[in-house]
Amino acid sequence: MIQKAILFDLDGTLVDTAPDLAAATDYALQRAGRPAIGLQAVRQLVGDGARALVEKGLTVTGGIPSPEAFEAAMADFFDYYAVHLADTSRPFPGVATCLAALAEQGYVMAVCTNKSEGFSRTLLDRLGLTAFFAAIVGGDSLPVRKPDPGHIHGTLNRLGEPAAWAVMVGDSSNDINAAKAAGLPSIAVSFGYTQIPAAELGADRLIDRYADLPAALTALGG
């Protein structure tokens, strides 16, 4: 049995992906004849996957077009993002050092994200982080995604053995609500992408930097 497992969200938690997501979103919007919305707006819209991101971008720039036009915008987004997903995306400060230390302490780690599994794996590969994770579960890996607790349970199942203790680390209500529904403690990061202030998400602990994560895990029984 796995003694201690940590599930991490990806966008806004492990990696600052907003600049590349914003570039892809703006590319798709402009190809659809809409104005760009920029980085700060996209930071508030990330968290439900690429289709939801483009849908929200279209909504705030004039509304959802025909199904055919929407799918064309999605195709433009995916075409652009597949090439540029790691142009400027970088792990948040201290991530690699923290993950290495946690692995040495015996934690088994997984990624539980609403980003597609393919893009998640490619991004983590390019940033040199893949080896830290025993499982990478995307928004299209299972029939459900966060905030459905089935996404948490499904990620834990992908670890191959039951975990005696597990925690979810994330930056949004999707992460914290999924953890609550799954019966897991949660830790929120204060530097991610959320319309709700991180301190108001209802996480069991809030951290401002990755150097604070080990102490937060210990405080929660990990």
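**Exercise 1. Describe the largest pocket of this predicted model, starting from its volume.**

Solution.
1. The volume of the largest pocket is about 330 Å³.
2. Its lining counts 29 residues. Asp48, Gly49, Ala50, Asn114 and Lys115 lie nearest the centre.
3. Now sort the lining by class: 11 residues are nonpolar, 8 polar and 10 charged.

**Exercise 2. Find which element gives the most to the lining of the largest pocket, and follow that element further.**

Solution.
1. List the elements that give two or more residues to the lining of the largest pocket: α3 (50-60), α4 (67-84) and α8 (173-182).
2. Pick the top contributor. That is α3, with 4 residues.
3. Take the buried residues of α3, with buried meaning under 20% relative accessible area. They are Ala52, Leu53, Val54, Gly57 and Leu58.
4. Look for their packing partners. The buried residues of α3 pack against α1 (18-31), α2 (38-43) and α4.
5. Step just past the helix. Gly62 has a positive phi there, about 135 degrees.

**Exercise 3. Map the largest nonpolar core and the contacts of Phe133.**

Solution.
1. The largest nonpolar core holds 51 residues. Phe8, Leu14, Phe133 and Leu213 have the most contacts inside this core.
2. Ask where its residues come from. α1 supplies the largest share, 6 residues.
3. Centre on Phe133 and set aside neighbours within four places in sequence. Phe133 then contacts Phe8, Leu14, Leu99, Met109, Ala110, Val111 and Leu124.
4. Finish with another core, which lies apart from the largest one. This other core has 17 residues, including Ile2, Leu142, Ala166 and Ala182.

Definitions and conventions:
Residues are numbered from 1 along each chain as its sequence is written. This is a predicted model: local features need pLDDT of at least 70, side-chain atom pairs count only at pLDDT 80 or more; totals for chains, interfaces and linings use all residues. Side-chain values use heavy atoms; hydrogens and water are left out. On a 1 Å grid over the protein atoms alone, a cavity is a set of points where a 1.4 Å probe fits but cannot get out, and a pocket is an open set with protein on both sides within 12 Å along at least five of seven lines; lining residues have an atom within 4 Å of a point. Grid points are joined across faces, edges and corners, and a volume is the space filled by probe spheres set on the points. Ala, Val, Leu, Ile, Met, Phe, Trp, Tyr, Cys and Pro count as nonpolar, Asp, Glu, Lys and Arg as charged, and the others, Gly among them, as polar. Buried means under 20% relative accessible area, exposed over 50%, partly exposed in between (1.4 Å probe, protein chains only). Contact means heavy atoms within 4.5 Å. A nonpolar core is a set of buried Ala, Val, Leu, Ile, Met, Phe, Trp, Tyr and Cys residues joined through side-chain atoms within 4.5 Å.
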